[in-house]
Amino acid sequence: MLRINVPMFSQIVSLHELTDGEEGEFFSLLSDKQELTTKDGKPYHRVTFRDSVREVSFPIWNDAPLSKPCQNDWQIGEFFRVRAKYRETNYGPQLEIREIRIVKDSDAADGFDPLMCQARSRFDSQEMFDELMKIANDGIKNKALRDLVAAIYESNRAELLNLPAARRNHHAFAGGYLEHVRNVTRTSVYLADAYAIAYPDLSPPLEKGMVVAGALLHDIGKLRELRCLPTGGEYTAAGSLIGHVLQGRDILREAAIGSKLDVETLLRLEHIIVSHQRLPEWGAPKPPMTPEALLVHYADDIDAKFQMMVNVLATDANAGPVTSRRNVLGQAIYRGGE
């Protein structure tokens with residue numbers, strides 16, 4: 001019979017370190033629990049356990065010993081100490097749970113830390129923040145614009161260091177916002193420099209400082225759209241009802257009160273924020289209508305899609321030279337080989 005709340009192994013491993021068929025003891029976060037039914041109408045729960053790297057979803061059948069504890073005691077967002085066998089199956093990764101209990105205070109002595117189950121950027125958040133401020137300082141010649149961007153970032157530093165860029169799909173992990181914005185800003189700077197050289201007679205001339213400011217602030221509304229929880233990013237009420245595009249403009253307008261920024265520059269920066277998604281179905285009330293807005297849009301779009309492709313290649317369990325089409329991009333991706 002399956003035992004619950006019994007002594008476990010002394011050696012703690014990480015869920016993401018387990019290989020197919022290996023059994024181990026680890027700390028894990030219950031990030032999702034859904035009550036579903038089979039095609040035959042039989043109820044079951046689909047649960048998802050994760051650490052900072054790996055997420056495993058699998059069924060708890062209604063007639064299984066863990067069914068009642070799952071239904072009555074397991075809460076999304078709780079941490080568990082688990083002993084289980086990890087398996088790679090045709091239905092994706094699975095766990096055969098041997099023992100499980102909710103984490104206790106005493107588990108800290110064995111290395112438990114709530115942050116250990118939170119997916120994070122591979123890059124250091126403080127270093128990314130500092131790099132973005134340096135790009136702003138070097139690339140924005142308009143002092144009023146530079147000071148405004150820096151003030152928005154500095155006043156929200158603590159939250160930005162951990163903020164995800166999305167609830168799912170791309171950069172949906174702590175520090176994901178800064179990783180995404182740094183990528184977008186780097187690409188935007190490159191494009192601005194290249195096109196300024198290619199079209200020196202553009203009238204009005206391409207304003208690199210506006211491109212940099214727009215790249216840095218295009219997603220700033222996510223400060224109010226998302227909150228960072230142990231389970232990942234979660235929409236706020238304002239995030240669900242309004243979204244980040246309009247809230248980004250709100251944040252900019254509020255920060256600009258009392259600043260020395262001229263009306264035309266503020267208007268152009270607002271336009272980059274409200275147009276960076278480009279399409280109404282993506283949340284944009286207006287398409288890009290300036291060269292600077294166009295560059296920021298495509299820098300944003302390519303970074304989001306590239307990170308989606310990275311995720312698919314890292315997690316797809318389909319055998320063969322191409323991945324499954326069942327992913328966020330809705331297409332197969334060629335990984336090579338026969």
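In this predicted model, strands β4 and β5 form a hairpin, with two residues between them. Ten bridges join β4 to β5, and the two strands run antiparallel. One pair can be picked out by eye: E88 stands opposite P93, a residue of β5. Strand β4 covers residues 79–89, and eight of these eleven residues are buried, so that the strand is mostly covered according to the cut-off of under 20% relative accessible area.

The hairpin belongs to a wider arrangement, an open sheet of five strands in the order β3-β2-β1-β4-β5, with antiparallel pairing. Both ends of this order deserve a look: β3 (55–61) and β5 (92–102) stand at the edges with a single partner strand each, so one side of each is left without a neighbour in the sheet. From one strand to the next, the twist averages 40 degrees. In general, the strands of a sheet pair through backbone hydrogen bonds, in either a parallel or an antiparallel manner.

The remaining pairings can be followed across the sheet. On the other side of the hairpin, strand β1 (residues 23–37) is joined to β4 by seven bridges, and these strands run antiparallel. Here F27 stands opposite R81 of β4. Towards the β3 edge, strand β2 (residues 43–50) pairs with β3 in the antiparallel sense, over seven bridges. A helpful landmark in this pairing is V47, whose bridge partner in β3 is F58.

Stepping back to the whole chain, the secondary structure comes to eleven helices and seven strands. The C-alpha trace spans about 75 × 50 × 35 Å along its principal axes. Of the 338 residues in the chain, 45% are buried. Contacts between residues at least 6 apart in sequence join residues at least 24 apart in 57% of cases. The accessible surface comes to about 17900 Å², and carbon and sulfur atoms account for 52% of this area. As for charge, the chain has 40 positive and 47 negative side chains, with the centres of the two sets lying 2 Å apart.

Strand β7 (residues 232–235) offers an example of residues brought together from separate parts of the sequence. This strand contains G232, which is buried, with a relative accessible area of 19%. Between G232 and G77 there are 9.4 Å in space, C-alpha to C-alpha, although the two are 155 residues apart in sequence.

A few places in the loops have backbone geometry worth visiting. Most residues other than glycine have a negative phi, and most peptide bonds are trans. Against this background, a cis peptide bond joins S203 and P204, with omega about -5 degrees. P204 lies in the loop between α5 (176–198) and α6 (208–217).

Two further loop residues draw attention through phi. N169, in the loop between α4 (157–160) and α5, has a phi near 80 degrees, a positive value in a residue other than glycine. N169 counts as partly exposed, at 38% relative accessibility. R278 also has a positive phi, near 75 degrees, and is likewise a residue other than glycine. The place of R278 is in the loop between α10 (263–275) and α11 (291–315), and at 28% relative accessibility R278 counts as partly exposed.

Terms used
Residues numbered from 1 in each chain as written. Predicted model: local features only at pLDDT ≥ 70, side-chain atom pairs only at ≥ 80, totals over all residues. Heavy atoms only, no water. Helix = DSSP H or I, 4+ residues; strand = E, 2+ residues; numbered from the N terminus. Buried < 20%, exposed > 50% of the residue type's maximum accessible area, 1.4 Å probe, protein only. Contact = heavy atoms within 4.5 Å. Areas by Shrake-Rupley, 256 points an atom, 1.4 Å probe, with all protein chains shown as cover. Lys, Arg positive; Asp, Glu negative; His and termini not counted. Charge placed at Lys NZ, Arg CZ, Asp CG, Glu CD. Pairing = 2+ DSSP bridges. Axes fitted to C-alpha atoms, helices over the stretch in contact; angles between N-to-C directions.
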